[in-house]
Number of protein chains: 2
Amino acid sequence: MDHGSWIGDSMTADARPAAPPLTERQEARRRRILHASAQLASRGGFEAVQMREVAEAAGVALGTLYRYFPSKIHLLVATMQDQLQHMHTTLRKRPPAGEDAAQRVAETLMRAFRALQREPHLADAMVRALTFADRSVSPEVDTVSRLTTAIILDAMGLEHPTPEQLSAVRVIEHTWHSALITWLSGRASIAQVKIDIETVCRLIDLTAEPGRG
Amino acid sequence: MDHGSWIGDSMTADARPAAPPLTERQEARRRRILHASAQLASRGGFEAVQMREVAEAAGVALGTLYRYFPSKIHLLVATMQDQLQHMHTTLRKRPPAGEDAAQRVAETLMRAFRALQREPHLADAMVRALTFADRSVSPEVDTVSRLTTAIILDAMGLEHPTPEQLSAVRVIEHTWHSALITWLSGRASIAQVKIDIETVCRLIDLTAEPGRG
DNA sequence: AGCAAGTCTGAAACTTGTTCTAGATTAGCG
DNA sequence: CGCTAATCTAGAACAAGTTTCAGACTTGCT
């Protein structure tokens with residue numbers, strides 16, 4: 001239940017001193033662990049990411065794995081953070097081309113969705129971990145959430161969103177996560193996820209500032 | 001991984017013969033189990049619902065518990081089904097009084113939210129189980145989803161919703177579940193959940209049939 | 001180089017969800 | 001009532017996440 005401080009623990013709030021800078025070998029270990037995690041997840045989803053196997057595949061002792069990531073959930077959320085970062089840079093290269101903000105956001109999310117479809121097991125592991133995470137993972141989940149928000153705001157082309165627009169973005173994120181869950185558990189089709197995304201994106205029109213981008 | 005057929009397994013599809021009718025003692029056992037589950041969940045949330053403890057509190061052997069509910073997730077989803085049923089009947093007694101459909105839905109969901117706030121640990125256990133459930137629990141999760149849909153449609157006062165309206169309802173459900181998650185994990189305040197609910201309910205206005213209730 | 005503090009390893013132990021087994025109990029039926 | 005199949009019980013066993021520990025290795029510092 002209680003995890004002490006761990007390697008890479010930067011603690012956003014000022015509760016603890018800033019992150020200890022990682023040595024090169026530590027950085028390499030961290031990367032190997034995340035890579036192993038993503039690899040195993042790609043094979044068999046959440047259940048296939050077994051801590052002993054991750055440790056072995058990363059060439060690291062079990063105790064060390066737990067020092068870097070204090071739980072399986074932490075590990076998978078960090079994996080998602082990693083993947084999202086990739087996606088964000090990829091998306092920045094080819095921004096969506098839609099007419100209005102709603103279209104661009106929908107297009108962006110559908111692009112992300114297609115990427116997830118290529119690795120459905122990985123998506124399963126990451127999304128399940130994200131929604132299952134309890135309070136002890138809040139800072140990490142929050143980072144993921146901020147990244148997602150940034151991606152959506154990018155697509156909207158907004159620098160200084162109004163509170164109303166931020167609400168719409170939050171609702172879009174809610175829908176995005178939950179729609180993914182229903183798809184992953186086989187309760188909704190790809191087409192249905194598409195419809196839901198397009199539906200929720202219409203909220204953006206409701207909050208558009210007249211005479212602005 | 002593979003659970004055989006179990007007590008109370010009614011199997012909506014015609015893959016298996018219909019539900020074996022439960023004897024009185026079996027019905028009583030099932031109730032005791034669900035009661036124990038809710039009780040333990042109310043104390044300490046998801047983690048506090050431990051299968052051995054549930055079995056003991058229900059006065060039933062561990063193997064029997066698993067015969068009635070093939071996994072902890074199944075048990076908690078069934079618990080949620082149970083609670084939702086109560087809520088539905090309660091809500092029917094005092095229908096929401098708002099002017100338009102969006103207001104009534106928002107009011108209904110906020111009422112449900114307040115009920116959950118009274119037992120936050122129970123809410124934690126049920127909602128986490130619901131979103132963590134994998135394909136093997138799809139039928140049960142689907143039942144919960146249909147119940148939720150029914151509650152929302154009740155609030156809207158619709159008998160024959162259009163496909164567009166059903167999309168809106170699905171998006172509202174997505175927001176509802178995901179907003180609850182963020183609240184439970186301490187990443188969103190009660191006020192923020194309220195705003196998100198009200199925001200997403202504005203979608204209803206977008207899909208209102210002109211000249212109909 | 002040589003020491004102190006911190007880190008990593010390998011292996012065992014512990015926890016809780018899940019499965020299995022042998023025998024006792026119960027339900028349905030002639 | 002007495003039989004048979006299904007169900008229930010107690011308890012062991014197994015699986016995977018998590019914790020712990022003694023000893024080896026690194027790092028930073030002088």
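## A tour from helix H9 to the DNA

Start by selecting Lys194(B) and Glu198(B): they sit 4 residues apart in helix H9 (residues 190-206) of chain B, so about one helical turn separates them. Keep in mind as you click around that this is a predicted model. Show the two side chains and you'll find them meeting in a salt bridge, 3.3 Å from N to O. Lys194(B) counts as partly exposed at 37% relative accessibility, and Glu198(B) is partly exposed too, with a relative accessible area of 36%.

Now hop over to chain A and pick Lys194(A) and Glu198(A). Their side chains also meet in a salt bridge (3.3 Å, N to O). Both residues lie in helix H9 (residues 190-206) of chain A, 4 residues apart, about one turn of the helix. Lys194(A) is partly exposed at 37% relative accessibility, and Glu198(A) is partly exposed at 37%.

Next up, select Asp82(B) and Arg31(B). This is a salt bridge with its closest N and O atoms 3.1 Å apart. The pair links distant parts of the chain: Asp82(B) belongs to helix H4 (residues 72-93) of chain B and Arg31(B) to helix H1 of chain B, 51 residues apart. Are the two partners buried or exposed? Asp82(B) is buried, because its relative accessible area is 15% and the cut-off for buried is under 20%. Arg31(B), at 40%, is partly exposed.

For a stop that involves both chains, pick Arg187(A), Asp142(B) and Arg146(B), which are linked in a network of salt bridges. Over all chains, a search of the whole structure finds 17 salt bridges.

Last stop: DNA strand D. Select what surrounds the strand and you get 20 residues, the closest being Arg52(A), Lys72(A), Arg29(B), Thr64(B) and Tyr68(B). Of the atoms of DNA strand D that come within 4 Å of the protein, sugar and phosphate account for 64%. Colour the surrounding residues by class and you'll see 8 nonpolar, 6 polar and 6 charged.

Which helices should you highlight here? Helix H2 (51-58) and helix H3 (62-68) of chain A, plus helix H1 (24-48) and helix H3 (62-68) of chain B, each supply at least two residues of this surface. H3(B) gives the most, with 3 residues.

Zoom in on three contacts to finish:

- Arg52(A): an N or O atom in its side chain is 2.5 Å from a base nitrogen of DNA strand D.
- Tyr68(B): a polar side-chain atom lies 2.8 Å from a phosphate oxygen of the strand.
- Ala61(B): a polar backbone atom is 3.0 Å from a phosphate oxygen of the strand.

Definitions and conventions:
Residues numbered from 1 in each chain as written. Chains lettered and ligands numbered in written order. Predicted model: local features only at pLDDT ≥ 70, side-chain atom pairs only at ≥ 80, totals over all residues. Heavy atoms only, no water. Near = heavy atom within 4 Å. Polar contact = N/O pair within 3.5 Å; in protein donor to acceptor, adjacent residues only side chain to side chain. Nonpolar A, V, L, I, M, F, W, Y, C, P; charged D, E, K, R; others polar. Salt bridge = Lys/Arg side-chain N within 4 Å of Asp/Glu carboxyl O. Buried < 20%, exposed > 50% of the residue type's maximum accessible area, 1.4 Å probe, protein only.
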